Amino acid sequence: MRTRTRTALTSALALASASALTLGLASSASAATAGRTVTDGTRSYTLSLTAPGTAAATGTNVTVTGSGYNPDQGVYVGLCAIPAGVDTADPATWNSKPTPCLGGQDETGTTGASHWVNSDWYWMSPSNSSPFTESGGLGSFSVQIHVKAQLSSTVTCGQAGVTCAIVTRADHFDSSDRTYDVYVPVSFQ
């Protein structure tokens, strides 16, 4: 088990390093990485999510990468308001679903603001979903999403105490599962 975790961590760090380089080329935003280790059933996963830490308030496309995920559990990747009581540095507080999210649960890809990553049903939404890249029973992804400060007509990141993050969260087949939540806080310029 220790070797598997070490191998997964090494792979995650290599992917994160490559992702940081990709982010630097794709936009002027600085990259940030967040992660957590979770146990789902009898397996442990070391999740790593890399995304920009800053973005243009008016909107920009950003590349988000992840590794160490359970390829049997689909996730949404998107920009969401951080729920009250959630400390993005403490996974023990990640008990509330990140919401509202820009683009919501965009299964059709009409907004480009979120992306659905799953290995079983991605073909149902070809314009907004993709399968995990699988290796050694772990899933990774690299997707592009559109982010902007205004999540809805009443919620804007950075205003009225609203803080936001690029997140992964379990997809609509298991939306109450907080196991695969990972937060990379984002500020807007």
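These are my notebook entries on a few sites looked up in a predicted model.

**Threonine 50**

I began with threonine 50 and found its place in strand 2, which spans residues 43-52. Is threonine 50 buried or exposed? I read a relative accessible area of 1% for threonine 50, so I entered it as buried, the cut-off being under 20%. I then looked up what its side chain contacts. The side chain of threonine 50 has a polar contact with the side chain of threonine 33, at 3.0 Å.

**Aromatic rings**

Next I looked up the ring pairs. How many aromatic pairs does the structure hold? I noted eight. I also noted one aromatic cluster, formed by Tyr45, Tyr69, Phe132, Phe141 and Tyr180.

**Backbone entries**

I turned to the backbone with the usual expectation in mind: most residues other than glycine have a negative phi, and most peptide bonds are trans.

I looked up the bond from threonine 99 to proline 100 and recorded a cis peptide bond, with omega near 0°. Where is proline 100? I placed proline 100 in the loop that runs between strand 5 (75-81) and strand 6 (114-117).

I then looked up alanine 160 and recorded a phi near 55°, which is a positive value in a residue other than glycine. I found alanine 160 in the loop between strand 9 (138-147) and strand 10 (164-170). The relative accessible area of alanine 160 is 85%. The cut-off for exposed is over 50%, so I entered alanine 160 as exposed.

Definitions and conventions:
Residues are numbered from 1 along each chain as its sequence is written. This is a predicted model: local features need pLDDT of at least 70, side-chain atom pairs count only at pLDDT 80 or more; totals for chains, interfaces and linings use all residues. Side-chain values use heavy atoms; hydrogens and water are left out. Helices (H or I, at least four residues) and strands (E, at least two) are DSSP runs, numbered from the N terminus. Buried means under 20% relative accessible area, exposed over 50%, partly exposed in between (1.4 Å probe, protein chains only). A polar contact is a pair of N or O atoms within 3.5 Å; within protein, one must be able to donate a hydrogen and the other to accept it, and residues adjacent in sequence count only if both atoms are side-chain atoms. Rings of Phe, Tyr and Trp (its six-membered ring) pair if their centres lie within 6.5 Å; planes under 30 degrees apart count as stacked, over 60 as edge-to-face and the rest as tilted.
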